[in-house]
Amino acid sequence: MSTPTLRDWLSKVPFSLCLSSGFFGFFAHAGMVSILEEESLIPTRLMGSSAGALVSGLWASGLTTSEMKALLIDLKKESFWDPGIGLGLLKGDLFDELLRSFLKCERFEDTQVPVQMTAFNCFKLRGELFNRGDLASAIRASCTFPGLFQPTWINGIPYIDGGVTDRSGLLGAQGEERILYHHLASRSRLRTMLGLTSAPARAQTVTLILHHLPRCGPTLLHQAQVAFECAREQMLGLLDTPLQPRPSIGFDECWLIEKEMFTESAT
């Protein structure tokens, strides 16, 4: 029996899409997702953490990927930069306003595709799933990068970035759910030292890793379109590439797909 390609696997039966955290990696997530939309490979459920929560939430709310690209590529630092006194440089109020202007619906219950995301509960010191209620507040909480944004308060509880304990965004994965997982490789030395940078293994899951994506951040927003297009091009090239089994993991249909299509000089 021949090894399936990524396109084969995605076309076979319904699948869910999970997008990892990764600071300003939402440009790359959006580029990858744009290929799924163009190829009519549409997930039946979305989940994510931090950068992944942002793209999952925007897409689920009804934005097309072309609309998402236009909004994200045009992002300016002053659009979300609101320094204030607190446990973080930015208050996050401008980010909240930005989210609400982007989203095409206000509540999880009104999204076009079911979506859920993770944020870190600072009182209980653990990741918590959000899949109902106010969508913008949940996305904001999941994207509250420690030190950059002050905690997001929801129902009297402070939340910060979902990637603190659920970098993958897979916390809400269900049983034998088939999942395409887009893993943004971390460049953090601390995470590498702690062994938190590797992609988690899970049955019925294809882990997609794209390489040499340009680094983006508040002062590197000019790299946004390059990151988007880089992820797009790699994803398109990988659709018809055979999946790589991960036999040492010991799970059924545990696949990996990655291919270095760009040199370091290209970034």
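**Exercise 1.** In which sense do S1 and strand S7 (residues 179-183) pair, and over how many bridges?

*Solution.* The model is predicted. S1 and S7 pair in the parallel sense, with 4 bridges between them. Within this pairing, leucine 19 stands opposite histidine 182 of S7.

**Exercise 2.** Find how S1 is joined to strand S2 (residues 45-49), and name the unit that S1, H2 and S2 make.

*Solution.* Start with the pairing: S1 and S2 are parallel, over 4 bridges. Next, take one residue of S1: cysteine 18 has methionine 47 in S2 as its bridge partner. Finally, add the helix: S1, H2 and S2 form a β-α-β unit, and this unit is right-handed.

**Exercise 3.** Sort the residues of strand S1 (residues 16-19) by the way they point, and state whether they are buried or exposed.

*Solution.* Ser16 and Cys18 point one way. Leu17 and Leu19 point the other way. All of these residues are buried, that is, under 20% relative accessible area.

**Exercise 4.** List the buried residues of helix H4 (residues 65-73) and determine what they pack against.

*Solution.* The buried residues are Thr65, Met68 and Leu72. They lie on the same side of H4 because they cover an arc of only 55° around its axis. These buried residues pack against helix H2 (26-38), helix H3 (51-60) and helix H5 (93-102).

**Exercise 5.** Identify stretches where pLDDT is below 50.

*Solution.* For the chain, the mean pLDDT is 91, and 90% of residues reach 70 or more. Residues 191-195 are below 50, and this stretch has 7 contacts beyond near neighbours in sequence. Residues 261-267 also stay under 50, with 11 contacts beyond four places in sequence.

Key
Residues are numbered from 1 along each chain as its sequence is written. This is a predicted model: local features need pLDDT of at least 70, side-chain atom pairs count only at pLDDT 80 or more; totals for chains, interfaces and linings use all residues. Side-chain values use heavy atoms; hydrogens and water are left out. Buried means under 20% relative accessible area, exposed over 50%, partly exposed in between (1.4 Å probe, protein chains only). Helices (H or I, at least four residues) and strands (E, at least two) are DSSP runs, numbered from the N terminus. The arc is that of the directions from the helix axis to the C-beta atoms. Contact means heavy atoms within 4.5 Å. Two strands pair if DSSP finds at least two bridges between them. A crossover is right-handed if, with the strands pointing away from the viewer, the path from the first strand over the helix to the second runs clockwise. pLDDT is the predictor's confidence in each residue, from 0 to 100.
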